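Please read the following explanation alongside the sequence and the coordinates, taking each part in turn.

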Amino acid sequence: MIHSLFLVNSSGDIFLEKHWKSVVSRSVCDYFFEAQERASEPENVPPVIPTPHHYLISVLRHRIYFVAVIQSEVPPLFVIEFLHRVVDTFQDYFGVCTEAAIKDNVVVVYELLEEMLDNGFPLATESNILKELIKPPTILRTVVNTITGSTNVGEQLPTGQLSVVPWRRTGVKYTNNEAYFDVVEEIDAIIDKSGSTITAEIQGVIDACVKLTGMPDLTLSFMNPRLLDDVSFHPCVRFKRWEAERILSFIPPDGNFRLLSYHVSCQNLVAIPVYVKHNITFREGSSQGRFELTLGPKQTMGKGLEAVLISSQLPRGVLNTNLNPSQGTYNFDPVTKLLSWDVGKINPQKLPSLKGSMSLQAGASKPDENPTINIQFKIQQSALSGLKVNRLDMYGEKYKPFKGIKYMTKAGKFQTKGLLRGRAWDLKN
Amino acid sequence: MTDSKYFTTTKKGEIFELKAELNSDKKEKKKEAVKKVIASMTVGKDVSALFPDVVNCMQTDNLELKKLVYLYLMNYAKSQPDMAIMAVNTFVKDCEDPNPLIRALAVRTMGCIRVDKITEYLCEPLRKCLKDEDPYVRKTAAVCVAKLHDINAQLVEDQGFLDTLKDLISDSNPMVVANAVAALSEIAESHPNSNLLDLNPQSINKLLTALNECTEWGQIFILDCLANYTPRDDRESQSICERVTPRLSHANSAVVLSAVKVLMKFMEMLPKDLDYYGTLLKKLAPPLVTLLSAEPELQYVALRNINLIVQKRPEILKHEMKVFFVKYNDPIYVKLEKLDIMIRLASQANIAQVLAELKEYATEVDVDFVRKAVRAIGRCAIKVEQSAERCVSTLLDLIQTKVNYVVQEAIVVIKDIFRKYPNKYESVIATLCENLDSLDEPEARAAMIWIVGEYAERIDNADELLESFLEGFHDESTQVQLQLLTAIVKLFLKKPTETQELVQQVLSLATQDSDNPDLRDRGYIYWRLLSTDPVAAKEVVLAEKPLISEETDLIEPTLLEELICHIGTLASVYHKPPSAFVEGSRGVMHKRLPARTGSGEGTECPDVGNAAGGSAPEAAPSIIPSQGDLLGDLLNLDLPAVLLPLMGAGFGAAPAVMPASLNAPVGGGLGDLFDLGGGVGMPMGAYIPPKTVWLPAMKAKGLEISGTFARRAGVIQMELVLTNKAMSVMTDFAIQFNRNSFGLAPAGPLQVLTPLGPNQTIEVSLPLSTVGPVMKMDPLNNLQVAVKNNIDVFYFSCQYPISMLFVEDGKMERQVFLATWKDIPNDNESQFQIQDCHLNSEAASNKLQGSNIFTIAKRTVEGQDMLYMSIKLSNGIWVLAELKVQAGNPNYTISLKCRAPEVSQCVFQCYEAVLKN
C-alpha cells in the first residue's frame, strides 16, 4: 500500500513529506529528480519510476509533483486515483492547490493526510466526511478559534462514514433549496490538412451543485439517453435503474459534485463546429515565408463561437513573424516559437484571418516539422452531442426546489494538422 | 493568520523556545507549540529532542491536540522506545472511551508505533476493538491487524488475530468486509502458502454483496481478491461476471481496471458460443476507451494494460483504432505507448489510416517519437502483408527528407522488410545506397552493410562500398565489424574473382588485429570454411534464412497469461511477472488463467479449485527454438541474440518458491529416469542416480553430455561428463538454465579451463543454487539447459531427482509434525505402494536419512511398523510421510501429505529410488 508521500515543487524542492508506515528517507526522491532531469518537459516525467527498493508513482498537478512511495505490489491506478483525490481535497479546502496554500495550512494538510490514509489504506476520502472530521479553515473560524480556544477538529464520528449513503451527511438544511446541473462537453478532434476529420470524440460531464434540505431523492431523465452508452457514474447513482430504464436515480451528495461523465466516440458522428484554412510556405533559398490562416464556423447549431484562441508551435527555424490579424490580438514568442492569437467571438459575416510573413534564419535549411494548430473555443447553451435533459424530479421531501440546467461546449484537444509547403520532396513530385 | 507562522524561528534556538512553550500552563499555547513541532516535522527537521515534552501533552480532552500528539508519536516513537512506553496507558484508556472516534483513533495510532514493547500491550485492546459494536472501530481494527503483522507476524498468529480477521469477512457492514479483505490480502502477500483467503462460493457471495455497498477503495480490494478465485464451472463464472460488470461504469479508474481483470480472467472459462460471451466482449470496450480520456498518468497505466489485453483478445478493441491516434500535446510516454498499440491493432482494414498517421508522426519534433514512428511503419509492413508495398514507399518518402535520424531508422526497418519478403523490394537498394555516407549510427550502418552483402550480386559496386567501410574497421562497433566480415565473405562467395584481396584483408583484420573474441572466432570459422571446403561454405553462409514474423515482439504466451491475471498491477505496467521484481513479497503466487470446463465435470472432482484449473492440458509453448531453426541463422546472427529468450529473465534475486497455486496435476514421466538405474548408490549417503546421456553427440555437433545430480554437504551439484567426439577442439564452454520449478540456477560458471580436444572427456561438477527465476515445469522436476561452446549453442532437457532438494534441517519437531499433519487437509494426502523392497524398517529409515528424509517417530501396531517422516524442500515446502512396513511383506505403503500436493508424486519416486538402491 502507499508508504509515503512527498510533495515537490517546480524547482525540485521537497516541501512536505508524510509517512504512513516506517519513515522512508527523502533521498529516495533522487531517482525522481533524475527522471525529471531527463524529461524535456515537466509533464514528460514518467508516472511510474522503479528504484532499487521502492516504486515512485507521481502525478503533476498545479505545478506540484505528488510523489507516492510504495514498496509492494499495489495497483498503480489506485495510487494515482488517490493522489488525485488528495489534490481535489486540498483544492476544496484551500480554494487553490499551490505550494503557498499548502505551506500556509501545513497542520491541516497533515491532519487531512492522516485522516485520508491509514497504514496506506484509504480511510476517508469523501469530501463531506472529511469536512466533518476536520473543518476547512476560514478567516472567521481562525479568529473565533484564537479567541475561544476551540478547535477545528470535529469531535463526533461523521454520520456518513458508515451509512449506506456515505457521500451525504445528515441534517442538511437550506433556506433556498436549489439544484443546478451543468452539461459540459469537450470536443477532442484531430483534423487533417485537407479539412477532413481523422478522429473526433466528445468527453462530456454533468456537474451538479445541489443544495437541498434533508434526504432528497432525485431522478433525472434524458430526451435521448441512447447517446450515453459509455458512462462513469458517481457512486450515488443507482446502476440497476439506469440499466433498466435509462433514468438517473440518486440521493445527491451535498454541494458540488460530478454526477456522471460520458464519452461519445467518433463512430457516432460528431459534428465539427469550426474549420481552419491555413497555408504556411517557405521558398527555397529565401529567408522569408508566407503565413495565412482563416477560420469560420461549421456546424454550430445556430449558436455563436466564443473565446476562440488559436495557438501553434512554429518551426524552430522561424526567427520572427510579421502578421496582421483582422480582429483580436496576436503574439509570437521568438524564444519558445509559440504563436498565439486571441480571436474572441467569430462573426459569420466577417471571418477572422491572420496573414503576413515570417522571417527565417538566414542560410538555414527549410524547416522539417509540421506545425499543428490548436484551437480553443466555447459554445454557450448547446451540447454538441445533442444530449438534452428531459426532466428532473424530486422525491422524499416536501418542498419545491429551484431547478436549472445549463449546457456548454468547449474545445478540448482540438487540433488541425499543418502542412508545410516547399519541402524538398514535395517539390520533386 | 496562517500556519506559515510556525516556520519562523528565533535566534535563541528553536528547540529551546518550543520546550518552554510545550510546558506552558495555557492550553492554547501548548497547542500552538505542538503545531509548530508538527510543522517542523513535515519539512524533515529533527524535533525528536522534544519527545518527553510532547508526550506530556497527550492527556487531554482536546481532540485536536490529541491527534497532533499522536501524529508526533507515530513519527518518533521508534527512536525513543523507552519514552514511548509512557504513552501506553493513555492508549489503553482511550481504547475504552465511549466515543468510537477516539477508540478507533487510539487503536489506529498504536498500530503505527513500531516498537516491540508497545505491541505487546496492543494485543488486548485490539482484540476488543475487533469485536467492537461500532463498525467504524471494527474496520479500523482490521487494518491494525495488518500493521501488527508487519511488525511481528508471529505474535499475530499466536494471538489468533488471523482467525478473527477471517470472521470479519462475514461482517454485516460492507466497509468492515472490505477492510478485512484488504488486510488479509496484504498479510497473504508475505505468506504465500497460508490459506488465508480461502475462497469458497459462500464467501464469494458475501464479497459480491459487499462489493455493491462499500467505498470505491473497498471495491478495489474486493475485486482484486475475487480475481484470485477459480470458479467451479462456467455457470458460476458467468454469474460472477454478471455481478461485476456494473463496476465498469465506476468513476474511479482503478475500480474499472480491477473489474476488467476479473472479467478477463473469468471469461476464459465461458464457452465461446455462449451469447453472454459476446455481450461481455462488447461491454469491455467502452470503459477501456474512457480510460484514455483521463489524465495522462492514468492513460499511461491504462495503455500498458490495454497492450496486454489486445494481445490476449484483439477482438475487444479492433474497431477502436482511432482512439489510439496520438495527440500533439500528449506527454511522450503516452505517445510511445499509443504507437505500440496502433501497431498491434493494425490490420488490412485500417492500415491506410494507420500509415497516414505514422507518416505524420515521422515529421514531428520529438526525436525518440519520430524514430519509433519510423520503426512502426516497418513493423506494419511485416505484420500486414498487403500493406508492405505502401509501407516501403512511405519509408522511401521519408528517406528523401534527408533528416539524418529518420533515414537511419528507415534503413534499419527496410532490412527487416527484406528479410520478411525476400526478392520483392530490392529495387529500392539504389536509393538506400545514396545515403551511405550519412549513416553514423552502428545499427543503421550494420543494417546497410547487411543489405549490401546479401544483395551483392545486384549491386555493381558492392565491393567498393564495402571497401569504403573497411578503411575505418577498427573504429567501428562490434556489431558493424561482425556484419562487415559476414558481408564481405558473402560477396566473395558470390563474386570470387574480383574480391579475393578484399576477403583476405577483412579476415586478417578480424583474426589478427582484433581483440574481440567473437570477431576472431567468426573470422577463423570463415577462414577455415573457405579454405577447406568452399562449397560447404557457400551452403552455410548463403543458406536460406528463416523468415521473420511480427510475433517477435509479442509477449510469450505463458507470461501473457500470468500478466492477464495481474491486470492493473505494477507487473502489468512493467510486463514482467511479479516474481521478477517485487521486493518484500517472499512468496509470489504464480497465477494462471483458468481453463474452460463444462458445468458437469467440475463438480465431480473432490478438490474443485485445482481440478477445474488443471483438467485441460495446456499447450506449453516452447521457449527454446528447435535445433533446425538455429542452424540457418548461426552465422548471421550473434549468439547472444539467440540465447536471449532463454536468458532474458536474468538472474534477478527472485525468491525460489514453489508456486502455490499450481494448477496442472503432475504427470508421470519421472519413471524413465529411475528405470535406467541399476548402478550403485552409496548405501548410507545421499542417493545419486546413475549418469545418463542427456545430449547425444549426433545432436550437438560432436559434443556428448551425460550427467547426474547429487547433493553433497548441503550443496546441490550437477555432475557433467563432456566428451568431444568431433574432429576439432572445443573451447569457451558456458551453461545456462531455463526458468524451472524450484529456481535452480548455476551458482558459478562452468569450469572447463582447458580446451577439449578430439576424443577427450572431461568431468565437471557444477554447484547449483536455488535462487534463480521460477517457472512451473511439467513434469515438475524438468530442467531445460543450454550449453554453449565455440561451435554453437545446444539445448537439452533433463530431470533431476527431487531428493537433491531435500535440505539438511528437514527434521520437524514431533509436536509440530502432529499439528501440521492434522492441519493439512485430507485432500492433499496421496498414497502409494512400494513393491518388492526387502529392507526392515530400521534399515529403510537409515537409508532414507542419507537423503535427508528424517524419521521422527516410530510406532509398532500389530506387527506393522509405522514410520513418521518429514522432508523439507529447498524452497521451504514441507512434506510429511507415513511409511507402513510389515515384517515379511515386501510391499510398503506410503502416505504423503503436503500443502503443495503436486510434489507428492516426485517425492514418492524418490522413496522408491532410494529404497531400491
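Two strands are said to pair if DSSP finds at least two bridges between them, and it is in this sense that strand 7 of chain B and strand 8 of chain B can be followed here, in a model that is predicted. A hairpin of four residues leads from strand 7 of chain B to strand 8 of chain B, and the two strands run antiparallel to each other, paired over seven bridges. One of the contacts in register can be located by residue, since B:L783 has B:C798 in strand 8 of chain B as its bridge partner.

The hairpin belongs to an open sheet of three strands in chain B, whose order is 4-7-8 and whose pairing is antiparallel. Strand 4 (734-737) and strand 8 (793-799) of chain B occupy the edges with a single partner strand each, so that one side of each has no neighbour in the sheet. Between neighbouring strands of this sheet the average turn, with direction ignored, is 25°.

On the other side of the hairpin's strand 7, which covers residues 782-788 of chain B, strand 4 of chain B pairs with it in the antiparallel sense over four bridges. Here B:Q736 stands opposite B:A786 of strand 7 in chain B, while B:A734 stands opposite B:K788 of that strand. Because five of the seven residues of strand 7 of chain B are buried, the strand is largely enclosed by the rest of the structure. As background to reading such a pattern, side chains in a regular strand alternate between the two faces of the sheet.

A helix of chain B offers another view of burial. In helix 15, residues 234-244 of chain B, the buried residues are B:D234, B:E236, B:S237, B:I240, B:C241 and B:V244. Viewed down the axis of helix 15 of chain B, these buried residues fall within an arc of 160°, and therefore they line one face of the helix. An α-helix has 3.6 residues a turn, so residues three or four places apart point the same way. The N-terminal end of helix 15 of chain B is capped by B:D233, with a side-chain oxygen 3.0 Å from the backbone nitrogen of B:R235.

Chain A can be described by its totals. It contains eight helices and 24 strands, and buried residues account for 57% of the 429 residues of chain A. Of the contacts in chain A between residues at least 6 apart in sequence, 68% connect residues at least 24 apart. Chain A exposes about 18300 Å², of which carbon and sulfur atoms supply 51%.

Key: Residues numbered from 1 in each chain as written. Chains lettered and ligands numbered in written order. Predicted model: local features only at pLDDT ≥ 70, side-chain atom pairs only at ≥ 80, totals over all residues. Heavy atoms only, no water. Buried < 20%, exposed > 50% of the residue type's maximum accessible area, 1.4 Å probe, protein only. Contact = heavy atoms within 4.5 Å. Areas by Shrake-Rupley, 256 points an atom, 1.4 Å probe, with all protein chains shown as cover. Axes fitted to C-alpha atoms, helices over the stretch in contact; angles between N-to-C directions. Arc of directions from axis to C-beta. Polar contact = N/O pair within 3.5 Å; in protein donor to acceptor, adjacent residues only side chain to side chain.
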